[in-house]
Amino acid sequence: MAWRKPTEEDLISMLSQEEADAFRQSSDMADDPLARQIENTVEFVRGNVRAAGARLGPAGTVPGALIVPTLCYLRYNYL
């Protein structure tokens, strides 16, 4: 199973134009809440994968099959 890191670009690709514009305007903040939110969401998903008995991939990554659900969760929490 391939593992990968979710990125800001992944999240932006799931947003409406209005949401993407608002995101880009707010991304100039010195404290980057999105980076923290991505990190927290990845750890949440990895915790559930670990609890299901699966072996984990590299730190900071999620299974490729869970990238879309991870981004949906991230989008809901971030917006």
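**Exercise 1. The nonpolar core**

Determine which residues touch the most other members of the largest nonpolar core, and which helix gives the largest share of this core.

*Solution.* Begin with the term itself: a nonpolar core is a set of buried Ala, Val, Leu, Ile, Met, Phe, Trp, Tyr and Cys residues joined through side-chain atoms within 4.5 Å, where buried means under 20% relative accessible area, exposed means over 50%, and partly exposed lies in between (1.4 Å probe, protein chains only). The largest core has 13 residues, and L11, L34, I38, V62 and L74 are those that touch the most other members. Next, look at where the members come from: helix 3 and helix 4 each supply at least two residues of this core, and the largest share, 5 residues, belongs to helix 3. As background, nonpolar side chains tend to be buried together in soluble globular proteins.

Before going on, note that the model is predicted, that local features need pLDDT of at least 70, that side-chain atom pairs count only at pLDDT 80 or more, and that totals for chains, interfaces and linings use all residues. Residues are numbered from 1 along each chain as its sequence is written, and side-chain values use heavy atoms, with hydrogens and water left out.

**Exercise 2. The order of the elements**

State how many helices and strands the protein chain has, and in what order they run.

*Solution.* Helices (H or I, at least four residues) and strands (E, at least two) are DSSP runs, numbered from the N terminus. The protein chain contains 4 helices and 2 strands, and from the N terminus on the order is β-α-α-α-β-α. To see how this chain folds back on itself, count contacts, which are heavy atoms within 4.5 Å: among those between residues at least 6 apart in sequence, 70% join residues at least 24 apart. Buried residues make up 28% of the 79 residues.

**Exercise 3. The buried side of helix 3**

Check the span of helix 3 against the expected value, and find where its buried residues lie around the axis.

*Solution.* The expected span is 1.5 Å times one less than the number of residues. For the 19 residues of helix 3 this gives 27 Å, and the end C-alpha atoms are 27 Å apart, which agrees. The buried residues of helix 3 are L34, Q37, I38, T41, V42, V45, R46 and V49. Seen down the axis they fall within an arc of 165 degrees (the arc of the directions from the helix axis to the C-beta atoms), so they line one face of helix 3. The face turned away from this buried side carries the exposed residues E39 and A51. Just after helix 3, G53 takes a positive phi of about 90 degrees.

**Exercise 4. What helix 4 packs against**

List the buried residues of helix 4 and name the elements against which they pack.

*Solution.* Helix 4 covers residues 67-78, and its 12 residues reach 16 Å from the first C-alpha to the last, close to the 16 Å expected. Its buried residues are I67, T70, L71 and L74. They cover an arc of only 95 degrees around the axis, which puts them on the same side of helix 4. These buried residues pack against strand 1 (3-4), helix 1 (8-13), helix 3 (33-51) and strand 2 (62-63).

**Exercise 5. An aromatic pair**

Classify the pair formed by the rings of F44 and Y73.

*Solution.* Rings of Phe, Tyr and Trp (its six-membered ring) pair if their centres lie within 6.5 Å, and planes under 30 degrees apart count as stacked, over 60 as edge-to-face and the rest as tilted. By this rule the count comes to 1 aromatic pair. The ring centres of F44 and Y73 are 4.7 Å apart and the planes stand at 10 degrees, so the pair is stacked. This pair links distant parts of the chain, since F44 belongs to helix 3 and Y73 to helix 4, 29 residues apart. F44 is partly exposed at 43% relative accessibility, and Y73 is partly exposed at 34%.

**Exercise 6. The surroundings of D10**

Decide whether D10 is buried or exposed, and identify its polar contact.

*Solution.* D10 is placed in helix 1, and it counts as buried because its relative accessibility is 14%. A polar contact is a pair of N or O atoms within 3.5 Å; within protein, one must be able to donate a hydrogen and the other to accept it, and residues adjacent in sequence count only if both atoms are side-chain atoms. The side chain of D10 makes such a contact with the side chain of R4, at 3.0 Å. Leaving aside neighbours within four places in sequence, D10 is in contact with R4, K5 and L71.
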